[in-house]
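Colleague: I have a new model on my screen and would like to learn how to read it. Could you walk me through it, feature by feature?

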Amino acid sequence: MTFDLTKILRPHILNLVPYSSARDEYTGKEGIFLDANENPYQSVNGQHWNRYPDPYQWAIKEKLAPIKGVRPTQIFLGNGSDEPIDLLVRATCTPREDTMLLMPPTYGMYQVSADINDVPVIKVPLTPDFQIDTPGVLAALTPHTKIVWICSPNNPSGNLVRREAIVEILNTFEGLVVVDEAYIDFASEPSFTQELDNYPNLIVLQTFSKAWGLASLRLGMCFASEAIIKVLNKIKPPYNLSGATQQLLLEALDYVETKNQLVKDILAEREQLRTNLAALPLVKRIYPSDSNFLLVEFDDAYAVMQYLIDQKIIVRDRSKVILCEGCLRITVGTLEENTTLVQTLNAFA
Ligand code: PMP
């Protein structure tokens with residue numbers, strides 16, 4: 001397989017000149033800044049938010065790179081993973097001409113972004129055990145397919161997708177292969193980030209919204225070759241992460257051990273919740289999980305969900321989703337929350 005990024009990008013994106021400013025050279029340095037029409041005084045609440053933030057978030061990337069085992073230039077940070085998802089579609093897919101391949105049931109945002117950008121999708125469902133139908137995928141690819149989206153651990157099923165299947169697609173497909181690892185910290189296998197130097201068409205997405213407990217900050221990570229990261233930097237809104245977000249994230253990166261401990265606690269809770277749910281007569285099946293949620297099958301999922309809502313417990317109805325018929329997706333909560341959930345389900349008449 002020969003990968004040529006220039007064949008994957010939309011032609012006008014190739015020729016775009018990135019936004020730049022003389023300020024780029026002065027990030028973090030002293031100077032008199034009269035170039036960006038900012039207010040020279042500190043903000044109305046007395047804090048130092050009057051200056052635009054570093055558009056490339058270098059301080060964060062320098063700190064994050066060794067944690068992730070990549071180079072700072074292989075990192076793009078976005079306003080949630082949803083931002084790089086949308087940028088990737090816009091960079092590669094000419095509306096109504098190019099296509100992307102999805103494997104339902106999967107994370108909904110790939111389809112949302114396809115719809116917003118008027119990009120048709122090819123769907124090759126996962127197998128009943130939520131693994132890639134590799135022959136089906138390879139047969140469905142066309143010269144117009146620009147991106148294959150793989151979610152691993154998969155949302156909403158919770159399982160890891162087999163590595164060999166991902167590697168086969170990486171080796172065969174001449175477009176981009178996105179491996180969305182939003183839940184990788186909860187998984188029993190390592191990330192694909194360590195494969196970046198082996199596959200120029202690989203893109204790995206991760207997020208600070210799950211294991212790091214920072215969903216409110218809206219922080220997504222995208223790891224790829226320097227060439228792909230350059231393209232994302234070229235087309236992103238200039239200051240896509242606020243200064244406040246950057247400051248909070250820089251502080252949070254000091255707490256890797258705390259994050260790891262939280263993950264351990266959630267994993268222990270997940271297994272306890274699995275055991276307790278499995279003991280309930282109304283639970284038909286609980287799927288294997290490498291993430292912080294469980295896909296649980298009930299006789300009447302809709303009735304169970306309505307009952308839970310009446311008790312102020314909100315879970316995600318996946319009962320109409322392909323291969324998830326009759327299932328609810330349940331996030332692992334605190335010990336107290338999980339206990340209340342199980343007790344409430346136990347009282348379901
Ligand atoms: N990918 C997957 C698989 C997800 O489940 C989610 C959130 N539910 C995201 C990405 C989005 O994460 P973020 O909060 O970073 O936009």
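**Reading a helix from its buried side**

Modeller: Happily, and let's start with one helix. In H7, which spans residues 163-172, the buried residues are Ile166, Ile169 and Leu170. They lie on the same side of H7, because the arc they cover around the axis is only 100 degrees. Keep in mind throughout that this is a predicted model.

Colleague: Which exposed residues does the face of H7 turned away from its buried side carry?

Modeller: That face has Glu164 and Asn171.

Colleague: And what covers the buried residues of H7?

Modeller: The cover includes helix H6 (134-140) along with three strands, S4 (145-151), S5 (176-180) and S6 (202-207).

Colleague: Let me step back to the whole chain. How many helices and strands are there in the protein?

Modeller: The protein has 12 helices and 11 strands. Its C-alpha atoms fill a box of roughly 70 × 55 × 35 Å along the principal axes.

Colleague: How do I read the radius of gyration against what a compact globule would have?

Modeller: Compare the value with the one expected for the chain length. For 349 residues a compact globule would have a radius of gyration near 20 Å, and the protein has 22 Å, so the two agree. Two further figures help here. Of the 349 residues, 36% count as buried. Taking contacts between residues at least 6 apart in sequence, 67% join residues at least 24 apart.

Colleague: What does UniProt place at residues 43-344?

Modeller: An unreviewed UniProt entry gives "domain: Aminotransferase class I/classII large" for that span. In the model, residues 43-344 are 36% helix and 17% strand, and their end C-alpha atoms lie 49 Å apart.

Colleague: Does the record single out a particular residue too, and if so, which modified residue does it give?

Modeller: The unreviewed UniProt entry has "modified residue: N6-(pyridoxal phosphate)lysine" at Lys210. To read such a site, take its place, its burial and its contacts in turn. Lys210 sits in the loop between S6 and strand S7 (220-223). Lys210 counts as buried because 21 other C-beta atoms lie within 10 Å, where the cut-off is 20 or more. Leaving aside neighbours within four places in sequence, its contacts are Ala182, Tyr183, Asp185 and Asn292.

Colleague: Which residues are around the ligand?

Modeller: The shell consists of Gly80, Ser81, Asp82, Tyr107, Cys151, Asn155, Asp180, Ala182, Thr207, Ser209, Ala215 and Gly220. By class, the shell has 4 nonpolar, 6 polar and 2 charged residues. Ala182 is one of the residues around the ligand, and Ala182 is also in contact with Lys210.

Colleague: Now the backbone. How do I spot what is out of the ordinary?

Modeller: Start from the usual case: most peptide bonds are trans, and most residues other than glycine have a negative phi. Here the bond from Pro104 to Pro105 is cis, with omega near 0 degrees. Pro105 is in the loop between strand S2 (99-102) and helix H5 (109-116). The bond from Ser152 to Pro153 is cis as well, with omega near -5 degrees, and Pro153 is in the loop between S4 and H7.

Colleague: What about the sign of phi?

Modeller: Asn37 has a phi near 55 degrees, positive although the residue is not a glycine. Gln57, also not a glycine, has a positive phi of about 50 degrees. Asn37 lies in the loop between helix H2 (11-14) and helix H3 (58-68), and Gln57 lies in the loop between H2 and H3.

Colleague: Is Asn37 buried or exposed, and is Gln57 buried or exposed?

Modeller: Asn37 counts as exposed because it has 6 C-beta neighbours inside 10 Å. Gln57 has 25 C-beta neighbours inside 10 Å and therefore counts as buried.

Colleague: One last case, please: what does Arg329 touch?

Modeller: Not counting residues up to four places away in sequence, Arg329 touches Pro156, Phe293, Leu295, Val315, Arg316 and Arg318. Arg329 is in strand S11 (residues 327-331), and it is buried, with 22 other C-beta atoms within 10 Å.

Key. Residues numbered from 1 in each chain as written. Predicted model: local features only at pLDDT ≥ 70, side-chain atom pairs only at ≥ 80, totals over all residues. UniProt positions renumbered as here; feature names shortened; annotations may be inferred. Helix = DSSP H or I, 4+ residues; strand = E, 2+ residues; numbered from the N terminus. Rg over C-alpha atoms; globule rule 2.2 N^0.38 Å. Buried ≥ 20, exposed ≤ 12 C-beta atoms within 10 Å, placed from the backbone. Contact = placed C-beta atoms within 7 Å. Near = placed C-beta within 6 Å. Nonpolar A, V, L, I, M, F, W, Y, C, P; charged D, E, K, R; others polar. Arc of directions from axis to C-beta.
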